[in-house]
Amino acid sequence: MTLQWGYKRAFLRCALLFVAGTTLQMAFGDVNNGFLRYPWGLIIAINYVYLLVLIHFQQERWPWLKRLSDHYACISSLAAMIVMTIIFGLTRQDPATEGLIGAVGFSRMTSSWPFNILLLYFTTTTGLAVMDDLHHLRRRRVAAVMSHLAVFVVLVAGIFGSGDKLRVSITTQLDKAVHVGLDRAGRQTQLPFAVTLKEFSMDEYPPKLYILNTATETSSRDFLSVEEVGATAVVDGWELTAVQYLDMAGRMPEQSDYLEMNHVGAAPAVYVRAKNSRSGEQREGWVSCGSFIFEPSYLFIADNLAVAMPRREAKRYLSRVEVLNEKGEKENFNIEVNHPAKIGSWHIYQVGYDTSRGRWSTISVLECVRDGWYSAVHIALWTMLAAGVVMFVTAGGRKRGKEEKR
């Protein structure tokens, strides 16, 4: 099927915008949104919307302006943003990334010129479509207009409110109130509340046993996951069996056996039997990943080969915190990854802990994020939800009406 000329021209426009953005990225580096801080972000947003209104009413005089709001432009700009979003999701976001990916800004997508130019273009086509919807409101479905308007508000808030977003990192310690953090530039920032860490807890995955080559410092791809006593797996020609498993254990330097220990710094330990599948040779002994108190233990089974246990991986971790606001009121929250606490216009996210102590960490790294445009986005999202409900209800009514006519 041959692509229509309208689509060819629209996609060519997106390609040219991408090339222009890539050129600017290589010439000037990342986009600096510092100029969008309040009140300039709001002022520019108002002027941007006013410009869209002018373009809408000048389309009849200048036909080329109409191409910015036709269905070709809307579909091509949406497709371009979908492609950029897929690249965003598949590319590791790391400012230190070098090479071609780093040069074109894909590793810093939200601050790259190609992404922001295409996002602005998509917002423009959406805004002009909204202007047309509002201008011909009587001919359009109210729910569809509400949905388009909500999407436009979210896009405008995301672009012109990016300069007002403040991220402050704080490191909390047990029973110590923290009200000052560091922003991304490393500057100290006073928070309008104080955060006190009351408890840090962590759930971990079962310990895993690998075959470690001590000469090359590489480990086997396969492993034995020790979820219970008797767990068995063949790893690089060795049959590993968990004879005994202690979730919390420790041993003194002069001792050879691990003992169960319910104490800070206790580490998982497995008494493992290793049998060579070919020769039948056997080795057995204790293996542990160790902790900040106890040294790790290995079971050497051959020259340069040992059974080893890396540190257990965190499955889930959370911080129980107490927040004292400006009014002197205290609130308690459980904060974990993807489940932030909300204090007014601030959100507090769980981002880290003391990895050297693991489950025994006495500190928690939190990120406090304030978005001045959050209320507008919040209202827009609820509007989208309401529009979806209206569409669902009215679609059912129209379907019944058609059936009755038949």
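Reader: Let's open with the largest pocket: how much space lies in it?

Author: About 1700 Å³ of space lies in the largest pocket. Do keep in mind as we go that this is a predicted model.

Reader: Which residues should I click on to find the centre of the largest pocket?

Author: Try Asn33, Thr110, Ser111, Ser162 and Gly163, which lie nearest the centre among the 47 residues of the lining. To see the walls, colour α4 (71–90), α6 (113–135), α7 (142–160), β1 (166–173) and α8 (374–405), since each of these elements gives two or more residues to the lining.

Reader: And how do the residues of that lining divide into nonpolar, polar and charged?

Author: The lining of the largest pocket has 22 nonpolar residues, alongside 13 polar and 12 charged ones.

Reader: How many cavities of 30 Å³ or more does the count come to?

Author: There is one, and about 40 Å³ of space lies in it. Its lining is made up of Gly6, Arg9, Ala10, Arg13, Arg67, Asp70, Tyr72 and Ala73. Helices are worth tracing here too: α1 (5–28) and α4 each supply at least two of the lining residues, and α1 gives the most, with four. By class, the cavity lining holds four charged, three nonpolar and one polar residue.

Reader: Now to salt bridges. How many does the structure hold?

Author: It holds 15. A useful habit is to ask where the two partners sit along the chain. Take Arg359 and Glu204, whose closest N and O atoms are 3.1 Å apart. Arg359 is in the loop between β17 (346–353) and β18 (363–370), whereas Glu204 belongs to strand β3 (residues 188–204), so the pair links parts of the chain 155 residues apart.

Reader: Is Glu204 buried or exposed?

Author: Glu204 counts as buried because its relative accessible area is 17%, and the cut-off for buried is under 20%. Glu204 and Arg359 also belong to a network of salt bridges that takes in Asp247 and Arg312.

Reader: Which residue forms a salt bridge with Lys208?

Author: That is Glu313, with the closest N and O atoms 3.9 Å apart. Lys208 lies in strand β4 (residues 208–213) and Glu313 in the loop between β13 (305–308) and β14 (314–324), so this pair ties together parts 105 residues apart in sequence. Glu313 is partly exposed, at 44% relative accessibility.

Reader: What about a pair whose numbers sit side by side in my list, Glu281 and Arg283?

Author: Their side chains meet in a salt bridge of 2.5 Å, N to O. Glu281 is partly exposed at 32%, and Arg283 is partly exposed at 33% relative accessibility.

Reader: Let's turn to strands. How should I think about the side chains along one?

Author: In a regular strand, side chains alternate between the two faces of the sheet. For a residue to explore, pick Thr189 in strand β3. Thr189 is buried, with a relative accessible area of 14%. Leaving aside neighbours within four places in sequence, Thr189 is in contact with Leu166, Val168, His179, Val180, Gly181 and Asp183.

Reader: In which sense do β16 and β17 pair?

Author: Strand β16 (residues 341–343) pairs with β17 in the antiparallel sense, over three bridges. One place to look is Ala341, whose bridge partner in β17 is Ile348. The two strands form a hairpin with two residues between them, and Gly344 in the turn has a positive phi of about 60°.

Reader: How many bridges join β17 to β18?

Author: Seven, and these strands run antiparallel. Look for Gln350, which stands opposite Leu366 in β18.

Definitions and conventions: Residues numbered from 1 in each chain as written. Predicted model: local features only at pLDDT ≥ 70, side-chain atom pairs only at ≥ 80, totals over all residues. Heavy atoms only, no water. Salt bridge = Lys/Arg side-chain N within 4 Å of Asp/Glu carboxyl O. Buried < 20%, exposed > 50% of the residue type's maximum accessible area, 1.4 Å probe, protein only. Contact = heavy atoms within 4.5 Å. 1 Å grid on protein atoms, 1.4 Å probe; cavity = no way out; pocket = protein on both sides within 12 Å on 5 of 7 lines; lining within 4 Å. Points joined across faces, edges and corners; volume = space filled by probe spheres on them. Nonpolar A, V, L, I, M, F, W, Y, C, P; charged D, E, K, R; others polar. Pairing = 2+ DSSP bridges.
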